[in-house]
Amino acid sequence: MQHFLTYKGAILHFSDTGSGSPVVLLHGFLANQSMWNTLVPHFAKTHRVICIDLLGHGQSGHISETHTMEDMADAVKTITNHLQLDCITLIGHSMGGYVSLAFAEAYPNMVKGLCLMNSTAAADSEQKKQNRDRAIEAVKQSYKRFIRITVPNLFAKTNQTIFKADINMCIEQALKMAPQSIVAALNGMKQRKDRIEFFRNASFNKMMIIGRNDPILNYDDLKKQTKKSDISVVELEGGHMSHIENMKELTYNIVYFIEFL
Ligand code: MLT
């Protein structure tokens with residue numbers, strides 16, 4: 001079931017399916033809640049599943065030149081307040097993982113579990129910050145070209161032909177975004193803080209899903225974040241888009257996380 005509410009003068013769009021202990025799914029950059037479409041039926045057998053269009057993505061509105069991870073987390077909190085949820089499990093894909101961490105830091109007592117899926121608790125490196133500035137310039141030149149180049153490069157090289165149709169679908173979804181919202185998310189990701197120690201030390205259930213061939217995130221850096229911690233680690237063969245490249249294994253592992261951990 002799809003729902004809307006107003007947040008700081010903008011619309012927030014989300015879906016609410018099933019019943020049971022609530023699981024909140026947060027998509028990544030350039031995506032929207034439709035990325036979870038094939039997974040929701042599995043999770044909703046036993047849980048209440050809320051999928052949110054983050055600020056400036058999908059059908060949710062734009063509020064600022066920069067959408068910080070804290071802004072996006074605050075919008076998520078508006079929805080959990082509206083739904084009167086006091087304890088949730090968060091599954092965040094990539095940028096959705098950054099937002100999940102910002103949410104968990106602000107409201108640790110509300111979080112039962114947090115799964116970082118193809119995401120990181122680290123801040124951007126100096127190099128990555130420079131890349132964000134270049135990306136912002138590229139979006140201003142032609143956001144369509146930026147999307148058409150960026151999206152295929154989220155997949156492992158060997159998967160770019162195999163998943164051509166899915167890549168085209170992701171591009172089609174991303175092209176619905178306004179260029180200023182793409183820039184606002186890039187600015188927000190660039191400014192995000194390091195939450196490695198916060199995540200390692202948090203007392204809620206933690207899982208990290210890592211794509212061994214993720215072109216966006218460094219495998220060794222991610223492994224280091226989980227070393228000598230109680231974070232469960234799942235390694236998958238594909239790239240940054242586990243929900244497409246490793247759909248079955250991903251579903252199995254998230255179901256395990258929400259049901260048994
Ligand atoms: C995402 O998929 O959300 C982005 O690639 C994350 C990022 O650029 O850091």
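**Entry 1: the pocket lining.** I sorted the lining of the largest pocket by class and got 23 nonpolar, 13 polar and 4 charged residues. A reminder to myself: this is a predicted model.

**Entry 2: its space and centre.** I looked up how much room there is, and the largest pocket holds about 1000 Å³ of space. Its lining is made up of 40 residues, and those closest to the centre are F29, V151, L154, H240 and M241.

**Entry 3: the helices.** Which helix gives the most to the lining of the largest pocket? I found that α4 does, with 6 residues. I also listed the helices that each supply at least two lining residues: α3 (95–106), α4 (126–141), α5 (143–150), α7 (164–174), α8 (179–191) and α11 (242–245).

**Entry 4: the ligand.** Where does the ligand sit? I checked, and the ligand is in the largest pocket. Around the ligand I noted G28, F29, S94, M95, Y98, R132, M189 and H240. I split this shell by class too, and it comes to 4 nonpolar, 3 polar and 1 charged.

**Entry 5: polar contacts.** I went through the ligand's oxygen contacts next. A polar backbone atom of F29 is 2.8 Å from an oxygen atom of the ligand, and for M95 a polar backbone atom is 2.9 Å from a ligand oxygen. With H240 it's a polar side-chain atom instead, 3.0 Å from an oxygen atom of the ligand. I then looked up the ligand's cover: alone, the ligand exposes 270 Å², and the protein buries 94% of that.

**Entry 6: names that came up twice.** I'd jotted down F29 and H240 among the residues closest to the pocket centre, and both are also around the ligand.

How values were computed: Residues numbered from 1 in each chain as written. Predicted model: local features only at pLDDT ≥ 70, side-chain atom pairs only at ≥ 80, totals over all residues. Heavy atoms only, no water. 1 Å grid on protein atoms, 1.4 Å probe; cavity = no way out; pocket = protein on both sides within 12 Å on 5 of 7 lines; lining within 4 Å. Points joined across faces, edges and corners; volume = space filled by probe spheres on them. Helix = DSSP H or I, 4+ residues; strand = E, 2+ residues; numbered from the N terminus. Nonpolar A, V, L, I, M, F, W, Y, C, P; charged D, E, K, R; others polar. Near = heavy atom within 4 Å. Polar contact = N/O pair within 3.5 Å; in protein donor to acceptor, adjacent residues only side chain to side chain. Areas by Shrake-Rupley, 256 points an atom, 1.4 Å probe, with all protein chains shown as cover. Sits in = over half its atoms within 2 Å of the grid points.
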